[in-house]
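Student: Could we go through this structure step by step? I would like short reasons along with the answers.

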Amino acid sequence: MIEKLTFADQRYEEINEKLMDPAVIGDQNQYKTLMREYKQLTPIVERYREYRQAEAERDEAEELLRDGGLDRDLKEMAEEQLAAAKARLGELEEEIRILLLPKDPNDDKNVIVEIRGGAGGEEAALFAGTLFRMYSMYAQAKGWKTEILSDNPTELGGYKEISFLIEGEGAYSCLKFESGVHRVQRVPETETQGRIHTSTVTVAVLPEAEEVEVEINPGDLQIDTFRASGAGGQHVNKTESAIRVTHLPTGIVVECQDERSQYKNKDKALKIIRSKLYEAEQQKKAAEIASERKAQVGTGDRSERIRTYNYPQGRVTDHRIGLTVYRLEQVLNGDLDEFVQALISADQAEKLKASSES
């Protein structure tokens, strides 16, 4: 571990010098690449330097106590310093181990979130709308930007399905554990007997793929145009601005009709297809490397039930980590941090366990 940290410290200083070089500053691509690495190294190097400081304080206290000849007050101070330094070293070692875990290369990416109503008909569609609002409010609180890519709204204000982009640093790292089946238990407004109904909504979180990461052969695409339907103002049904793009080798179909421009709708559809292809490739690689290690936080499989929202009890339960909170309203208003941090911690604990066993 110390060898890795020493190398990280040296590399940090090396990058620091390069970032002040006018030639590097003038080359935007090189500057951005170095800044990204510098940012990733900063927390590791900061903790390592704190660790070395704590080591020096421990050694100093041990030397004072070993030499003897101290009066009672000085001896007490040295013993306190030794105990504090040892405790801090233990804390820092744990933090550093986590920081040195292999980083998910997608963590800093934007995300495309797809929400689909599952079992429960209109009630599921309404809850899909509730989850879209929840993620939008969470993104807003983080200072991220949300943009709808495609949607299929229902008359009562829900969504059969909706795809949207969340742009912001670290969006994928925070939202990647949201993939799976979200279950809602509540009494629908149309229910006269007051019976609780259970509905499900499926969420998929895809890292946004850059064009350079996924090349799409234009010959693999079938593009159909049609007139937009539903609410949308005067342009609706007048021009064929809506787009349906089919990726023939995989059978992926994406429809977009939010924009008045055919080109903008096509651009949004390709964004979704590119991210789906990227995710499929990532999953294939993961399967080859680890034969799909089943992490404590779950597989991210969209058929896996991950969370239940119980309205009568005001309860939200994450089944993967056994976390239950009685703050349903706040959670649905975007207060997801408790779940996000708990899921990240569980994932880190699983990775630490795996690294210590290997």
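Student: Which residue in S5 is the bridge partner of Gln185?

Tutor: This is a predicted model, in which local features need pLDDT of at least 70, side-chain atom pairs count only at pLDDT 80 or more, and totals for chains, interfaces and linings use all residues. Residues are numbered from 1 along each chain as its sequence is written, and side-chain values use heavy atoms, with hydrogens and water left out. S4 and S5 pair in the antiparallel sense over seven bridges, where pairing requires that DSSP finds at least two bridges between two strands. In S5, the bridge partner of Gln185 is Thr198.

Student: What are helices and strands here, and in what order do the eight strands of the open sheet lie?

Tutor: Both are DSSP runs numbered from the N terminus: helices are H or I with at least four residues, strands are E with at least two. The pairing in this open sheet is mixed. Its eight strands follow the order S2-S3-S1-S5-S4-S9-S10-S11.

Student: Which strands are the edge strands of that sheet?

Tutor: An edge strand here pairs on one side only. That applies to strand S2 (145-153) and strand S11 (323-325).

Student: Which residue in S9 is the bridge partner of Arg183?

Tutor: Strand S4 (residues 180-186) and strand S9 (residues 305-310) pair in the parallel sense, over five bridges. In S9, the partner of Arg183 is Thr308.

Student: At about what angle does helix H5 run to S3?

Tutor: Axes are lines fitted to C-alpha atoms, for helices over the stretch in contact, and angles run from 0 to 180 degrees between N-to-C directions. Contact means heavy atoms within 4.5 Å. Helix H5 (residues 121-142) lies across several strands, including strand S1 (111-117) and strand S3 (159-167). Its angle to S3 is about 10 degrees.

Student: In the three-stranded sheet, which residue in S8 does His247 stand opposite?

Tutor: The three strands form an open antiparallel sheet in the order S6-S7-S8. Strand S7 (residues 242-247) and S8 pair over five bridges. Opposite His247 in S8 stands Ile252.

Student: How far apart are the end C-alpha atoms of helix H3, and what span should its 40 residues have?

Tutor: The expected span of a helix is 1.5 Å times one less than its number of residues. For the 40 residues of helix H3 (residues 28-67), this should be 58 Å. The value from the model agrees, because the end C-alpha atoms are apart by 57 Å.

Student: Where in H3 does the kink lie?

Tutor: The bend at a residue is the angle between axes fitted to the seven residues ending there and the seven starting there. In H3 there is a kink of about 35 degrees, shortly before the proline Pro43. The kink lies at Thr42.

Student: Is Asn106 buried or exposed?

Tutor: Asn106 lies in the loop between H4 and S1. Buried means under 20% relative accessible area, exposed over 50%, and partly exposed in between (1.4 Å probe, protein chains only). Leaving aside neighbours within four places in sequence, Asn106 is in contact with Tyr172, Pro207, Tyr278 and Gln282. Because its relative accessibility is 4%, Asn106 counts as buried.

Student: What is the mean pLDDT of the chain?

Tutor: pLDDT is the predictor's confidence in each residue, from 0 to 100. Of the residues in the chain, 88% reach 70 or more, whereas over residues 231-238 pLDDT stays under 50. The mean for the chain is 83.
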